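Good morning, and thank you for coming. Please look at the sequence and the structure as I put them up, and then we shall go through them together.

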Amino acid sequence: MTEMTGSTFLESINQMVDRAAQVLDLDPAISEAIKECNSVLQVSFPVQLRSGVENFTGWRAVHSTHRLPAKGGIRYAPNVDQKEVEALSALMTYKCAIVSVPFGGAKGGLRIDIRNYSREDMQLITRRFARDLANHGFLDPATNVPAPDVGTGEREMAWFADTYKHLHPEDVNYIACVTGKPVKHGGIQGRTEATGRGVQYALREFFRHPEEVARAGMSGRLAGKRIIIQGLGNVGYHAAKFLSEEDGALITAVLGRDGLVFNEDGLDIEELYQYKTKHGSIRGFPGGETDDDSEAGLERPCDILIPAALEGVIHEENAPRIQAKLIAEAANGPITFEADCNLRGRGVPILPDAYCNAGGVVVSYFEWIRNLHHIRFGRMERRFDEDKGRSIVAALEEVTGAPLPEKVRDELIHGANELDLVHSGLDDAMRQAFQNMVETRDSHPEIEDYRVAAYVIALKKLASAYLDIGVY
Ligand code: NAD
């Protein structure tokens, strides 16, 4: 793919922060303090694999500790480096502030190409990495809590939690040292798909505001809107699946690592995903046409473009050719600062990453609380709520003298389970944050877009954490 031009990922984030700091007329010393990464750990360690001993290098950056624990995913990728991890940790700080999750920001990365290792190798490597992080205080339920990101999932999180438990069996909250675990090992329902679900909720909220939809040069509802999505991994797959199956949007193209598939009538995402799982690529999918130039797919006409793969894909060079009416940043940092200026200048609204992909950390927050409470949400009240619902049904049927329609009856006697509560909490977080961005933009004449509004919200909270409590 094309080399990212212009600002690096970290520079892009800092320039976006500077733009918001100017709006707030923030003391430069405070904004510098906010931007700086608090601490970074680099670890290098050997692992005895079946093929021989191999050395690995990884990082964990803690950007802010104004709230604890510091929270953020762990990425396994061949090109991870310290600067990328620092950039991602900074983004976590702003993201948590924007969606009102009371955590600091952190991120981790291990330089590895996971395609070259077996499950057994991955377990040995992950457990060794987890041990090093825990021994240096960078894995701990109270202070530093990782989650999945690119290249990691619930399997790795289970190994992290188990390694920490063996190091600290006396810690009654050991299971909260990491989120995104399998449900049967202390995870929460709905976490795996939470980021994609959050993208769906963000877009639903956008389309509940006709004046915002009109600003993007569109009208009507999400149903029938043509969407192009880059990346069919955890985030991209779930976002595309929910938007097409539940909201009636048309996914007209999916851009993969080695080509794109398109179908103007809309792709069947579940079938495409199954095809990709079987063949290792989306190329040749019979439900659409294949094209070699995946990157050029970003420039195809559509209503909504969802980059959901990696950073820096929309840059100075290709930004002027982007034709989407709205961009929803499901990936972290997919648009460089220069590209952002171009798109802003052309009036293309962007739902910024620090808002749009926050679903993962919102549900991680619920998982962490569930772990500290040592009880699943809804366990105590579900049957009680169902009994209350039954009493209401009985009373209504007695008053009206007629049975209620089955659907109404079922809805009234349904006691919320954990997944219902997770969806409700996530939806609330995404709606509230969107409304805050719109209100903030509209109350500052110098703010034109959601990204500056989002950073203004975050900076206000972060600055007050410094100024109210004091710098020490
Ligand atoms: P993933 O590893 O599950 O999926 C990434 C996908 O992108 C893969 O399908 C890969 O084949 C594809 N891809 C890689 N290079 C590509 C290219 N050049 N063109 C097109 N596709 C390409 O990762 P994920 O968890 O889905 O994360 C994707 C993005 O979302 C990252 O930026 C990540 O930081 C961000 N994010 C993830 C989460 C989460 O909960 N997993 C939360 C917030 C943000």
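Which helix and which strand each supply at least two residues of the shell around the ligand? They are α8 (234-247) and β7 (250-256). Helices here are DSSP runs of H or I of at least four residues, strands are runs of E of at least two, and both are numbered from the N terminus.

Before going further, I should say that this is a predicted model, in which local features need pLDDT of at least 70 and side-chain atom pairs count only at pLDDT 80 or more, while totals for chains, interfaces and linings use all residues. Residues are numbered from 1 along each chain as its sequence is written, and side-chain values use heavy atoms, with hydrogens and water left out.

Let us begin with the ligand. It is surrounded by 23 residues, where a residue counts as near if one of its heavy atoms lies within 4 Å. The closest are Arg75, Asp149, Thr195, Val235 and Asn332. By type, the shell holds 9 nonpolar, 9 polar and 5 charged residues. In this grouping Ala, Val, Leu, Ile, Met, Phe, Trp, Tyr, Cys and Pro are nonpolar, Asp, Glu, Lys and Arg are charged, and the others, Gly among them, are polar. Domain 1 (39-185) and domain 2 (194-356) each give at least three residues to the shell; these bounds come from an automatic or database domain assignment.

Now consider individual atoms. Oxygen atoms of the ligand lie 2.8 Å from a polar side-chain atom of Thr195, 3.2 Å from one of Lys276, and 3.3 Å from a polar backbone atom of Gly233. Taken alone the ligand exposes 830 Å², of which the protein buries 87%. Such areas come from the Shrake-Rupley method with a 1.4 Å probe, and for residues only the protein chains shown count as cover.

I turn next to charged pairs. Side chains of opposite charge can pair when their charged atoms come close. A salt bridge is counted when a side-chain nitrogen of Lys or Arg is within 4 Å of a carboxyl oxygen of Asp or Glu, and that rule gives 39 salt bridges.

One of them joins Glu86 and Lys83, at 3.8 Å from N to O. Both residues sit in helix α3 (residues 82-98), 3 residues apart, about one turn of the helix.

Another joins Glu264 and Arg226, with the closest N and O atoms 4.0 Å apart. Glu264 is in the loop between β8 (259-262) and α9 (269-279), and Arg226 is in strand β6 (residues 226-230), so this pair ties together parts 38 residues apart in sequence.

A third example is Arg451 with Asp353, at 3.7 Å between the closest N and O atoms. Arg451 belongs to helix α16 (residues 450-469) and Asp353 to helix α11 (residues 353-356), 98 residues apart. Salt bridges with shared partners join Arg19, Glu329, Asp340, Asp353 and Arg451 into one network.

Are Arg451 and Asp353 buried or exposed? Both are buried, meaning under 20% relative accessible area; exposed means over 50%, and partly exposed lies in between (1.4 Å probe, protein chains only). Glu264, by contrast, is partly exposed at 43%.

Finally, Val23 lies in helix α1 (residues 9-24) and is buried at 16% relative accessibility. Val23 and Ile447 are 424 residues apart in sequence, and their C-alpha atoms are 7.6 Å apart in space.

Notes. Polar contact = N/O pair within 3.5 Å; in protein donor to acceptor, adjacent residues only side chain to side chain.
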